[in-house]
Amino acid sequence: AIDAARLARELAPRADLQRRMQGIVLLGVLLRVLPFRNREMTGDQLLEAVAPALAKYVGRRGGDVVRANLQAVRSGYEQAIRIPPAALHEEGRKP
């Protein structure tokens, strides 16, 4: 779980970028949880590997936007929490 909307509001350098930033936060979560993650790389190395693609994708919007996107990926990667399935269901009910 992560509050991607809150993070996007905090990190987006411009209001019109907030919705897109939510997706960038989720990219960080995906890098943390999906099995394709290269187990040989540290979290920092993995996040550094994403930087060139983000710079290419959003670089025309300026350095502030690139930095905000990199921080959004890092925030998603570092701040996502796991919620046990049992916590999502009423007591005594099967998932």
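# Four helices in one predicted chain

Among the contacts in this chain between residues at least 6 apart in sequence, 64% join residues at least 24 apart. The model in front of you is a predicted one, and its chain contains four helices and zero strands, so that, read from the N terminus on, the elements follow the order α-α-α-α. Of the 95 residues of the chain, 28% count as buried.

A useful place to begin is the second helix. Helix α2 has 16 residues, which at 1.5 Å a residue should span 22 Å, and because its end C-alpha atoms are 23 Å apart, the expected and the modelled spans agree. The buried residues of this helix are Met21, Ile24, Val25, Gly28, Val29 and Leu31. They cover an arc of only 160° around the axis, and therefore they lie on the same side of α2. In general, an α-helix has 3.6 residues a turn, so residues three or four places apart point the same way. On the face of α2 turned away from its buried side one finds the exposed residues Arg19, Arg20 and Val33, whereas the buried residues of α2 pack against α1, α3 and α4.

The next step is to ask how such helices are placed against one another. Two packed helices are described by the angle between their axes and the distance between the axes. For α2 and α3, the axes come within 11 Å and cross at roughly 145°, and α2 passes α3 in a right-handed crossing. Ile24, Leu27 and Leu31 of α2 make this contact together with Leu46, Leu47, Val50 and Leu54 of α3. When the residues of the contact of α2 with α3 are sorted by kind, they divide into seven nonpolar, no polar and no charged.

Helix α3, which covers residues 43-58, also packs with helix α4, which covers residues 63-79, at an angle of about 145° and with their axes 9 Å apart. Here too the crossing is described as right-handed, with α3 passing α4. On the side of α3, the residues that take part are Gly43, Asp44, Leu46, Leu47, Ala51, Leu54, Ala55 and Val58, and they meet Val65, Val66, Asn69, Leu70, Val73, Arg74 and Tyr77 in α4. The residues of the contact of α3 with α4 divide into 11 nonpolar, two polar and two charged.

Helix α4 can be examined in the manner already used for α2. Its 17 residues should span 24 Å at 1.5 Å a residue, and its end C-alpha atoms are 24 Å apart, which agrees. Within α4, the buried residues are Val65, Val66, Ala68, Asn69, Ala72, Val73, Ser75, Gly76 and Tyr77, and these pack against α1 (4-11), α2 (18-33) and α3.

Two neighbours in α4 show what being buried looks like for single residues. Ser75, which lies in helix α4, counts as buried because its relative accessible area is 3%, and a residue is called buried when that value is under 20%. If residues up to four places away in sequence are not counted, Ser75 touches Ile2, Leu7, Leu11 and Ala80. Gly76 also has its place in helix α4, and with a relative accessibility of 0% it counts as buried. With residues up to four places away in sequence again left out, Gly76 touches Ile2, Val25, Gly28 and Val29. Gly76 and Gly28 are 48 residues apart in sequence, and yet they are 4.3 Å apart in space, C-alpha to C-alpha.

Is Arg67, another residue of helix α4, buried or exposed? Its relative accessible area is 52%, and therefore Arg67 is exposed, since the term applies to values over 50%. The C-alpha atoms of Arg67 and Ala51, which are 16 residues apart along the chain, are separated by 9.2 Å.

Finally, the loops deserve a look as well. Leu17 lies in the loop between α1 and α2, and this residue is buried, with a relative accessible area of 4%. Leaving aside its neighbours within four places in sequence, Leu17 is in contact with Ala12, Arg61 and Val65. Leu17 and Asn69 are 52 residues apart in sequence and 10.0 Å apart in space, C-alpha to C-alpha.

Notes:
Residues numbered from 1 in each chain as written. Predicted model: local features only at pLDDT ≥ 70, side-chain atom pairs only at ≥ 80, totals over all residues. Heavy atoms only, no water. Axes fitted to C-alpha atoms, helices over the stretch in contact; angles between N-to-C directions. Helix = DSSP H or I, 4+ residues; strand = E, 2+ residues; numbered from the N terminus. Left-handed = near helix turned anticlockwise from the far one by under 90°. Contact = heavy atoms within 4.5 Å. Nonpolar A, V, L, I, M, F, W, Y, C, P; charged D, E, K, R; others polar. Expected span 1.5 Å × (residues − 1). Buried < 20%, exposed > 50% of the residue type's maximum accessible area, 1.4 Å probe, protein only. Arc of directions from axis to C-beta.
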